[in-house]
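Here's a quick briefing to read alongside the model. Grab the structure and follow along, starting with charged side chains.

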Amino acid sequence: MSVCNITTRLRHGTLPLLERLFITDALRDALIAQAARAYPEECCGLIEGVREGEICRALALHATRNVASNPRVNFEIDPQIHFQLARA
C-alpha cells in the first residue's frame with residue numbers, strides 16, 4: 001500500500017494523470033463529513049490506496065490539519081505529517 005500522493009507528484013510531473021479514482025461509499029461519506037466539519041476552511045488529508053495501472057483504489061483516508069496561512073483560501077499539509085503518512 002502507498003499513499004496516492006497525487007497532488008504533489010502531479011505538480012512535479014512525476015505521476016501520469018489517473019483516469020479513475022475508486023472510492024467506497026463509506027470513504028466518500030467520510031470525506032464529505034470531513035469537508036463539512038472543516039467548512040468554511042479548506043479540508044486537508046491524504047487518500048491512501050493502491051495503484052492498478054491508470055486506476056487508484058482508495059483504501060483509507062487520513063485527515064490532517066490545514067496549516068496554510070490563509071486556510072479559507074489555501075490548503076497545506078504539515079510536511080512532517082505528510083512524510084510520516086507516506087512512510088507508514
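E52 comes in at 39% relative accessibility, so it counts as partly exposed, falling between the 20% and 50% cut-offs. Its side chain meets that of R57 in a salt bridge, 3.1 Å from N to O. Keep in mind that this is a predicted model, so the confidence scores at the end are worth a look.

**The E52–R57 pair and its hairpin**

- R57 is partly exposed as well, with a relative accessible area of 35%.
- Where do the two residues sit? E52 belongs to strand β3, which covers residues 44–52, and R57 to strand β4, which covers residues 55–64.
- These two strands run antiparallel and are joined by nine bridges.
- One of the bridge pairings puts I47 opposite L61 in β4.
- β3 and β4 make a hairpin, with two residues between the strands.
- G53 lies in that turn, and its phi is positive, at about 70°.
- If you're tracing side chains along the strands, remember that in a regular strand they alternate between the two faces of the sheet.

**Salt bridges in the helix**

- How many salt bridges turn up in a search of the whole structure? There are three, and the E52–R57 contact is one of them.
- Another joins the side chains of D25 and R28, at 3.2 Å from N to O.
- Why can D25 and R28 pair up along the helix? They are three residues apart in helix α2 (residues 25–38), so about one helical turn separates them.
- R28 also forms a salt bridge with D29, where the closest N and O atoms are 3.0 Å apart.
- Put together, D25, R28 and D29 are linked in a salt-bridge network.
- Are R28 and D29 buried or exposed? Neither label quite fits: R28 is partly exposed, with a relative accessible area of 37%, and D29 is partly exposed, with a relative accessible area of 40%.

**How confident is the prediction?**

- Across the protein chain, the pLDDT averages 80, and 78% of the residues score at least 70.
- Confidence is highest in α2, at a mean of 92, the helix that holds D25 and R28.
- At the other end of the scale, strand β1 (residues 2–3) has the lowest confidence, with a mean of 42.
- Residues 1–8 have a pLDDT below 50, yet in the model this stretch has 21 contacts beyond near neighbours in sequence.

Note on methods
Residues are numbered from 1 along each chain as its sequence is written. Side-chain values use heavy atoms; hydrogens and water are left out. Two strands pair if DSSP finds at least two bridges between them. Helices (H or I, at least four residues) and strands (E, at least two) are DSSP runs, numbered from the N terminus. A salt bridge is a side-chain nitrogen of Lys or Arg within 4 Å of a carboxyl oxygen of Asp or Glu. Buried means under 20% relative accessible area, exposed over 50%, partly exposed in between (1.4 Å probe, protein chains only). pLDDT is the predictor's confidence in each residue, from 0 to 100. Contact means heavy atoms within 4.5 Å.
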